[in-house]
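Me: I want the reasons behind the labels, not just the labels. Can we go through them one at a time?

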Amino acid sequence: MLLTLTTTHRPATDLGFVLRKNPARAQSFNLNFGKAHVFYPEATEERCTMALLVEVDPVGLVRTRRGPSGEGGLLDQYVNDRPYAASSFLSVALADVFGTALTGQCLEKPKLGELAIPLRVELPALPCRGGDEFLRKLFEPLGYRVEAVRLPLDEASPEWGDSSYHRVVLEATLPVHQLLSHLYVLIPVLDNDKHYWVGDDEVSKLLRRGEGWLTAHPEREAIARRYLKHQRGLVSDALRQLIVDGEPDPDEAAEVQAAEEANVERGLSLNEQRLGTVLAALKGVGATSVLDLGCGEGRLLRQLYKDRQFKRIVGIDVSHRVLEMAADRLHYDRFSDAQKERLKILQGSLMYRDARLEGFDAAAVVEVIEHLDPPRLAAFERSVFEFARPGTVVVTTPNREYNVRWETLPAGRFRHRDHRFEWSRDEFQAWSRRVSERFGYTVRFLPVGPEDAEVGAPTQMGIFERRVA
Amino acid sequence: MNIVLPELSLVVLIGVSGSGKSTLARRHFKPTEVLSSDVCRGWVSDDDNNQAVTSDAFDVLHFLARKRLKIGRLTVVDATNVQPESRKPLVEIAREFHCLPVAIVLDLPERLAHERNRNRSDRAFGPHVIRKQSSELHQSLKRLAREGFRHVYLLRTPEQVESAVITRTPLWNNRKDDHGPFDLIGDVHGCFDELVELLALLGYAPSADDGIWRHPAGRKLVFVGDLVDRGPKVPEVLRLVMDAVKAGVALCVPGNHDDKLKRKLMGRNVNVAHGLAESLSQLEAYERLEPGFNQRVTDFLDALVSHYVLDDGKLVVAHAGMKESMQGRGSGAVREFALYGETTGETDEFGLPVRFDWASEYRGSATVVYGHTPVPEPEWLNRTINIDTGCVFGGSLTALRYPEREFVSVRAKQTYAESKRRFLEEGQAAPVLSAQQQQDDVLDLSDVTGKRLLETRWLGRVTIREENGVAALEVMSRFAINPKWLIYLPPTMSPSGTSQQPGLLEHPAEAFAYFRHEGVPRVVCEEKHMGSRAVVIVCRDEAAALRRFGVADEGIGVCYTRTGRHFFEDRATADALLSEVHQAVTRAGFWEEFRTDWICLDCELMPWSAKAQGLIQGQYAPVAAAAGSMLSLAVGSLKSATARGLEVGDLLARTEHRASLVGDYVAAYRRYCWPVDGIDGLKLAPFHLLATEGKVHTDQTNDWHMQTLSRLAGGLVMATPFRVVDVTQPESEADAVRWWEELTGQGGEGMVVKPQTFVAKGKRGLIQPAVKCRGREYLRIIYGPEYTVDENLVRLRSRGLHSKRSLALREFALGLEALDRFVRREPLRRVHECVFGVLALESEPVDPRL
């Protein structure tokens, strides 16, 4: 990776004193991930440019597997942008090579260290996750003029579009140590990755390098979040130290935001209404043993658990990772044996017959069927209605007709990337009637969410009850 | 005294403390066969005489007894067992596992016990204990038979104990040593004419001397029962069967009708219905011609054994079927099951079939042949087959040839009786799906989860770890195609050993050496295409897809990836590709040549960019973009610095070299990318003709596969260049190396080297079915643009192939096993567990660059 730093301060060669690197010779430094070279492509009275070229050992990168991205991440791959793109490796190299300059000390010319001089930085490959808009939001408040050209993915295939890398030029007049601090913090923030494990000392690094500018930066929350690699605990530690009294807790705000972004169905807490209606249906039929088929992170499980009517609750999901999250959120590890007996979380699949699901009063299948490939619905129907055969089955699924009412949803698109289909009311009802006919159930339908005269409610619900002979 | 024990029995020793039970047990049984209550006391409490833990000690004893009987091991209970309440659970356990409880009672003079106990320091109880036990024992003696003990042996003197001999006898149903071959005959019900016709068709003829029906090749007849009732010639049928059984050329198990007739003949009060009247009147007439015949019939029927276990346990015959836990066991319940089958209700309150019937739940490894309920056609379900095709009701009389598994049947000459439940509707449409296919609609989770041990033909037992199954379950459930299509997943492929030649990581020399060292003289080298692995199944038409795969409305076939996903997201592209392949197969005449309605091909589908677009745009191209921009500025800056007289010459040269390597890298990945519109631009290169009806083509050489498949070339299907190389001939090898250099010099991925035979065994068993040798330029997209720099190459050469190769073998064996089972028409769960296993193994951590 490469960074060049140019000044037109006179005499421009003073840059050598500020950086403590002599323009008259090239120098190399060993780093634990490769080598850094410092040389000056130009060094005249009018203009002086320092180039920092960092050679990252591409094999060592993978073989030693440093950092959190190790397993399965980009650092696991030999085909890797790290030797070329500006990243946390560059920050580390900056701190190693220009440690003294970063503190603002300049032994030979003490005043020069704090002197604001015209500076120009060029970064030929800066990853900007979040686009150049974010790049500008980071640097412009600090007084930079930003010039960014997005690199195409492949000139031979223009239809592939652009990459997330930019060739970036930053210009500002300020003391060199400030510029170095800005780069040190903001390069990994733009990259949104770290090659090393983000630990507690990372907070103090951020606070030290951010001294004097981070508190006032309008993007400080995003900076802290990304710099600390989304370690939520650390982020709030850091932010608490950055916050002025009386401001809202940004951690909380972030959580709300994430939930909102995750859901096209924003504007009304449809999910709450859906779970409420499911709960009402389950209580209405007097169920005491219930299955939550496709329980996900366990939102319905938590509601069921709070209600003493339900004596036996089993949550099933096919994703092991999601089940771990569900267990986490329920604090399942702190459950007593009796509690664990009352609520169980199991990996299972609705594509298979599963003897563990037999003998329940009711099952909730909330926003699940639309994730199944249509040819495999038959297996789902039999495994639930024929084999598990609960007394009541509550099924919810999106009502496709309502999609035209979502402002943010492009026409013809599904609400979720993994949806394999979304049904109109007629389609859902036809399917439900066929299933209830075949397996000996009756079915009634309920709208969930605000009902629109023309397109119905956003979610449709079928309540299937087993017929008694 | 000779004590005869059935080979599987629960032997209960009964006697007071000190009566010599343990001594007797030690003398006649293996130590592991004896469960002693005192030993259990010791295990629980460290004290063999601790009476306080009696209840827990017996829990342990009963637990162990259950485990042993479950797997069919004779078990001896060494405890006093003088109280009825201590014997009761033992009789229940014996019943639970359908084995016979046998009592051996040691009723020795009381004083002997007193003496023995006095001499033992560890028995610290008074004589009153023995007295009490003794009186309980005597009260028990009369009751033992009523309690359920099938045999009771009483030893009254030390001499009797001393001279007792114990013999173990096999159960009557155990005919495991009888290997046939057999012809199994369905319910005859007095249809003598059809029986004779069927026997003749099977090659049997009455011997000139004794008139007994025999087969020239020594085959054996097995009748699944219900010889009598309803039909016109019951006595003739009985006579034929009785004679053959007596002569040792036939076996017969009883049917419910036979059993009822026997009871009637023995003078019991039975309801004369369901055709019994016909049997009785025919027998009465026959008795007049041949006095004593009825007695012979009675004796014959009375001696019939409920079911037989034949051919090393691989074949079980019973009239109404036999579930796994009862096979080879003897109890009233077993007999009841053999005669009547599962006696629970046939349908539930909604008219749905009850799913807990034994055949649909059957998971046993033995084939079960039965009759009892007439069916229009014999149909396999989970290795069970009902061969009662209702001859007496106007259907047919069917024989199953074993081990050939072929059916031979003759039509009924007339309808002799009306069936209460119509089983042959006139003009009745055949069911859309077979019983097996209907059952296969839903697989059972317990067949894929947990630690699994899978038996494969080529590699023996393959273990699937539970945690790997967890990952596979998600992939299989969320992304995989309909499991009915998924009859194979391809194995991973290992590279050749690492080359030490300058600038190279892989070279054919190592691949050739590998096979030579394993004793393989000839290999097949195939050009390796850089695309994505695809498995293609094509059927002759949709009807064939329904018939053979049980898949409806999903087109004439499927094209899926190595993880079992649809290759194409849109159905139209997939259909277009399948239609092209279908045309190619038709053109080449494969349907006729292989006498098949379907074909399964292992292929490479190009371009790489068709499937890997995300990878290219998310990883390969961005790296090139960043590298290009950064290195060109670096070269510029270094040139300026050189012009200023700075000593950066080495760095400049190195950086320029890096820039040129990145250029090579870009050229490498671009070669595998080209635009595709629908199927325009796609290329399919099949390299294994995996399977067609009745055959997995593992017996053909790899060059046969390539030659045969080259006949499909045309349109988007392409033939792959290949050559056979003799690895004992240096010239032959050198030729192949030149070819490889040519291929890779033009930017090709390289080649795959396979042993000539599809499955090859070496010194230590199965060897790699294929090894890849990738070209120097291709490997840039695997090991990074700059991997060829010496200091990088040196380190990259240390790579271990062991786990990759072990994985490749296990996946290979499982994939072929899945195909074998599919071709043998085994239940889908048996195919699915193998395919699931391949997917699970894929989640094992292995260096992804290999």
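Me: What makes the strands β3-β4-β2-β5-β6 of chain B an open sheet, and which are the edge strands?
Reply: Five strands of chain B stand in the order β3-β4-β2-β5-β6, with parallel pairing. Strands are DSSP runs of E, at least two residues long, and helices are runs of H or I, at least four residues long; both are numbered from the N terminus. Two strands pair if DSSP finds at least two bridges between them. The edges are β3 (34–36) and β6 (151–155) of chain B, as each pairs on one side only. From one strand to the next the twist averages 20 degrees. This is a predicted model: local features need pLDDT of at least 70, side-chain atom pairs count only at pLDDT 80 or more, and totals for chains, interfaces and linings use all residues. Residues are numbered from 1 along each chain as its sequence is written, while chains are lettered from A and ligands numbered from 1 in the order in which they are written.

Me: How do you know that β2 and β4 of chain B pair?
Reply: Count the bridges. Strand β2 (residues 9–14) of chain B has four to β4 (residues 75–78) of chain B. The definition asks for at least two, so they pair. They run parallel. One of the bridges puts B:V11 opposite B:V76.

Me: Which helix packs on this sheet, and what does it touch?
Reply: Helix α3 (residues 54–70) of chain B does, touching β2, β3 and β4 of chain B. Contact here is C-beta to C-beta within 7 Å, with the atoms placed from the backbone. The direction of α3 makes about 165 degrees with that of β4(B). Axes are lines fitted to C-alpha atoms, for helices over the stretch in contact, and angles run from 0 to 180 degrees between N-to-C directions.

Me: Why is B:E159 called exposed?
Reply: B:E159 has 10 C-beta neighbours inside 10 Å. The cut-offs are 20 or more other C-beta atoms within 10 Å for buried, 12 or fewer for exposed, and partly exposed in between, with C-beta atoms placed from the backbone. The count of 10 therefore makes B:E159 exposed. The residue is found in helix α8 (residues 158–163) of chain B. B:M1 is 158 residues away in sequence but 9.8 Å away in space, C-alpha to C-alpha.

Me: What makes both faces of β15 of chain B covered?
Reply: In strand β15 (residues 315–318) of chain B, B:L315 and B:V317 lie on one side, B:V316 and B:A318 on the other, and all are buried. In a regular strand the side chains alternate between the two faces of the sheet.

Me: Which strands pair with β15(B), and in which sense?
Reply: Strand β14 (residues 307–310) of chain B runs antiparallel to β15(B), with four bridges. B:H307 is partnered there by B:A318. Strand β16 (residues 367–370) of chain B runs parallel to β15(B), with three bridges. B:V316 faces B:V368 in that pairing. The hairpin of β14(B) and β15(B) has four residues between the strands, and B:D311 takes a positive phi near 50 degrees.

Me: How do you know that the buried residues of α12 of chain A are on the same side?
Reply: Helix α12 (residues 299–306) of chain A has A:L300, A:L301 and A:L304 buried. They cover an arc of only 100 degrees around the axis, so they are on the same side of α12(A). The arc is that of the directions from the helix axis to the C-beta atoms. Their cover includes α11 (270–284), β8 (289–293) and α13 (320–330) of chain A.

Me: What does each chain give to the contact between chains A and B?
Reply: Chain A gives 56 residues and chain B gives 50 residues. On the chain A side, strand β3 (residues 34–43) of chain A supplies the largest share, six residues. That side divides into 32 nonpolar, 13 polar and eleven charged. Nonpolar covers Ala, Val, Leu, Ile, Met, Phe, Trp, Tyr, Cys and Pro; charged covers Asp, Glu, Lys and Arg; the others, Gly among them, are polar.

Me: What makes β11 of chain A and β21 of chain B a pair?
Reply: Strand β11 (residues 352–353) of chain A and strand β21 (residues 443–444) of chain B share two bridges, in the parallel sense. The requirement is at least two, so they qualify. A:Y352 stands opposite B:L443.

Methods: Two residues are in contact if their C-beta atoms, placed from the backbone, lie within 7 Å.
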